[in-house]
Amino acid sequence: MGTPNAEKGSRYLGLLDQALCSGNWGEVAELARKTDKHASNRTCLTLAARSEAQIANTSSRPSTASSTGLSGLSTLVPQLEKAVSVGESIEEDAFVAGVCLAQIHWLQGSHEAALRALPTHIPRSGTLSSLPSALGWIEVCGVKSTYIRGTCLHDLGREQEAEDLWRNAVQQTPGYRSPELRRWTEKVIAQACSHFYNPTKSGHTPPPTVDALRAFSAWNGFWQRSPSAPDRSTGPSIGWEVSRRQTWWTYYLAQSHILHPEQGEHSPARQSKSRLQQYSELRNAAKTYESSLMSAMDFPKATQYNGEIEDYVQQAMMNWRVVTGTSWADSDLLGGGKEAASREMLDMLYLAATKTFHSTQILRSLFNVHASLGEFDLAMHAFDSYVEIISKGKTRAAKTGKHELGFDDDDIALLTAAEAIRLLCRYGGRDQAEKAVEVGKDAEHWLDQQKPVSADKVVGSSDDNKAETAHPVSHTTETVLQPATLAAAYRALGVSKSHWAALTYDTEARSGLFAEARSHLDRSLKYDSDSVETVHALALLLAETRNVNAAIAVIRPLLATRSERTATEAETHLRETQLLPLWHLLSLCLSAKDQHESAVRMCEAAFEQFGEPSTLFGNAASSLDPEKMALSPAISGGVVDQMDGYQKEGIVQIKMSQLTYVELVEGPNAAMDMTDELLALYARLFGTAEKLWTPKLPTTANAMPPPSRGGGTLRSVVGSIRPKSRRTSVEKTPRTSLQSLTPPKVVNGTSAGSTLGPPIAITVTNENGNTADQARGRNEHRHHLPFHIRHSHSAKRSPSGSNLREANTAAAGTTQLPSPVPEHTNAQDHATKGLSIARATTADRAPSSLPQIQHMNGKELPRRPDEPQSPSHIAARGSPSTSYPAAQRRRHKMSLLVRVWLFIAELYIRAEGLDDASGAVDEAAKLVEALEVDVGAERSSARGFFDMGWGGGASVDELWADVWSTKGDLALVRTLHFDAVEHYEHSLAYFPDHSNSIIALSELLMDMYEQKLPTEPSEVLLPPIPSSSIPSLLASTTPPTESQQHTTATRHQKVYKDPTPAELNRLAARDRAYLLLSTLTRLGTGWDDSEAWLALARNHELSGQVGKAKEALRWVVELEDARPVRSWRSAAVGGYTL
């Protein structure tokens, strides 16, 4: 044995301290021996070091060996007690030995002994302060003593002392300089977090206290400063110890509680931190916990259930609904706003799906998140998988009598199906409506499905000793559902059936569908009599089925009690927003009873229910510059800034109905004077039209121009080829407005340069084999063909129409694409110019700009700010609002603006302001052209122009049909009948089921049959026909019936001759009118159109079918008795849904 060396002793002592602080327990024994050899006065420290190594090695063994090892630690107790009691030991060494002794008592469950063994105070770093370690093992033992003392006090029931200890511990600077110091510091803070915030397993999440927030702040700060380390336990395993993942979970729950408005309204964290800080902390906790959870979980077997992942998904979805709801703005979130938050949620859900087996909750969450992003196809894919799993699970539950753990219960499944039906009916088209009916059948099957009593039990649940319920052996699912679930389910069934009834081609099934829908809605109203959604759907159904008095009786009680069941201001405004369609529907019901003044008051009441205009539209500003409004904190948005596109469109529809009532009561001129208010209202709700223009011009000289819809070419799903003449015209001007395509001045009722008039839907083959239409160069209307041959914006002419083409080219050369709704910032301009701006249009100029300021009922209406702040009165909803892609939002806005301009044009036509009406139509055409460019850039195919797509708005074809139909109305007022026919033909070429065009064209065709109009323009003369070829039986203007023709042909077979071409044209005109009208009256858009039935009755009369004519006229009288001034659907932008 060599001589002790003080220098070596100091060095080995430092190495021993490093080994202890680093947790290198395998090196401790050798370093302790060398330290005893060269520093014999540190035997107390080396004894404690060996004991620490033995404790650590004991905890790393299997559970059985570990329990045996803990009992073997008892041999260390006498040695440590002796070393601590010897007064010659250095103070730091005695402190270390005392903490080690207390740890052994603590591990063995002797909490009183552990408290007695713990030193009363932590010595200052003296001897070890000069060692290589910055603080060394003394600091580690100090943190360890705090942890042991706190847990012992808790186990002994001395909660107040433990609470004071944990409160002082988290206020100190956490240590992170060495692995063992980080490990014990983590334990201290985790235990403090668990002590101050401990959610129960039942799902109750208490509000975090100030001490809990401080503890979690220390936890978050510790991990920001401390390097990341694996979650390993080098010390003893205690059953009640708090794991790192559990601490992050409780931290996440605490932040989630602060986030929810109804729970954390008075939280100190909410009052002291901005929403951006709250969301940042929540996101950090979620990411850390998610990483720890997903790395620890494996894909389960079919019989296993990862409940921790399911709980995390449930809480994450609750938080997502809050941050993507209307009470939060994009500026409250990190970069990307709500859409980025939804994308992160999708990433988490798809990752969680890889750690679960057929999780219904994850599929349901995927359905909700995809739907909120406007990805409806993906949402329905997730829902289809959800329905398949739910149906199979219900079948298994019916056989086994037990409910599977983690499986959505009946209430959740039916609520999800109801939401899917709402989504399909609100945002989809005909195919989606048919899909909603199929989903409704699944929901009905679930309601009627027999459920054993034992199915209330849960597979895998340890609580199998519950008392049996007092149900019979078997009962239907409906008997155990919540009233709110039953109300939502039956409302969804009623919506799906009524929505399909309005679209089906089966006229015989329509009345039965309406009856079933009413039965379901009545049943839903019994479970929830105060449901605005149910009342709206039922009232709309009653109104459309001509039961106006019953509709009024359903609406009025709800409007009378609208403020009694609301508590907060946000809830009040939310309910008032939902009541807007009901006010509008009530006004239409009153108009059907010819109570127009009362209908006007209902429209005014719809806006007055919000109180001051600033509540609905935001604060007014002296300057209307949007940039200044966005930068000014004093200017805030209103309730309209929290509405979705459908709700905003509903406000515009109310204003349009109000103008219609004013026209009826005060005259068309008064309504014309209010059109500036309508345009200004649109600008406030949707912004100025400059934001809608996104021209996609070619970037290179040789780039192809935008795809054309014209020239009569066939557009397939892969694109189209532009005719050379049309391409040359487009190269001269990027866009050509409809004004440039107006036919030239008509002389004596015909257009100069044109050859023949409208097409007639009959094919007559000439001697050379060509059809008559081919010979005359006509365009044929092809009914119900979605991918039809498309007509050019200018009518297809014969070579003799060169003058018209030259006029069009000249007009196109001077036509540009201005914004129809320019943005004005000077409020004083309106005071000087007033309403004269809207009327000061020349004969060839449209009212192409908005008035300089908006008004609503004579009150100043503030402009829409670019980024409005969220005022306190804005309604805060917990559910996320549906956001569409930018292209779909633009389509919705532009299609609505097109309808607004065409509505204004119709007002001008009825007020005989034909030049202004022509200008309004031109403005609508410019918008459709711009939309056509956008759609063509995305989907250069016929389907892209024909399909409406998800999320509202109209298809490009339907908008063109509206424009051409209004153009036809304008030509008809000007007595340009053949131009009107031509425009109506263009309308039907784009949209074969256009009601107004069908009715107007049919009336003109029947006028041709009655010879009130010639079948062709008078300038174009038919070849001379010998008088001998005209049979005497056709001399009468009224054609014989089929029976009369048959009888006549039988009696005079020898003298019968073929009818003349003129007579064939007249018969073809009558027959084509019948084809158009009979088809329209079978459609959902025309089955209740009294004008269509009146025209059909006239057609029956002309055909000699008097009985059918009387039957149609009786139906007309019934429809007219309950006909509103505008369509019922103008009060139901989203159909039967809200």
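The protein chain contains 46 helices and eight strands, where helices (H or I, at least four residues) and strands (E, at least two) are DSSP runs numbered from the N terminus. This is a predicted model in which local features need pLDDT of at least 70 and side-chain atom pairs count only at pLDDT 80 or more, while totals for chains, interfaces and linings use all residues. Residues are numbered from 1 along each chain as its sequence is written, and side-chain values use heavy atoms, with hydrogens and water left out.

**Exercise 1.** Determine which share of the protein chain is buried.

*Solution.* Take buried as under 20% relative accessible area, exposed as over 50% and partly exposed as in between (1.4 Å probe, protein chains only). Of the 1138 residues in the protein chain, 54% are then buried.

**Exercise 2.** Compare the span of helix H20 with the expected value, and list its buried residues.

*Solution.* The expected span of a helix is 1.5 Å times one less than its number of residues. Helix H20 covers residues 430-448, so its 19 residues should span 27 Å, and the end C-alpha atoms are indeed 27 Å apart, which agrees. The buried residues of H20 are Gln-432, Ala-433, Ala-436, Val-437, Val-439, Gly-440, Ala-443, Trp-446 and Leu-447. As background, an α-helix has 3.6 residues a turn, so residues three or four places apart point the same way.

**Exercise 3.** Describe helix H17 and the residue Gly-374 just after it.

*Solution.* Helix H17 (residues 360-372) has 13 residues and reaches 18 Å from its first C-alpha to its last, close to the 18 Å expected. In H17, 13 of 13 residues are buried. Just after H17, Gly-374 takes a positive phi of about 80°.

**Exercise 4.** Place Glu-281 in its surroundings, starting from its helix.

*Solution.* Glu-281 is found in helix H14, and it counts as buried because its relative accessibility is 17%. Leaving out residues up to four places away in sequence, Glu-281 touches Tyr-251, Gln-255 and Lys-273, where contact means heavy atoms within 4.5 Å. With Gln-255, the side chain of Glu-281 makes a side-chain polar contact at 3.1 Å; such a contact is a pair of N or O atoms within 3.5 Å, of which, within protein, one must be able to donate a hydrogen and the other to accept it, and residues adjacent in sequence count only if both atoms are side-chain atoms.
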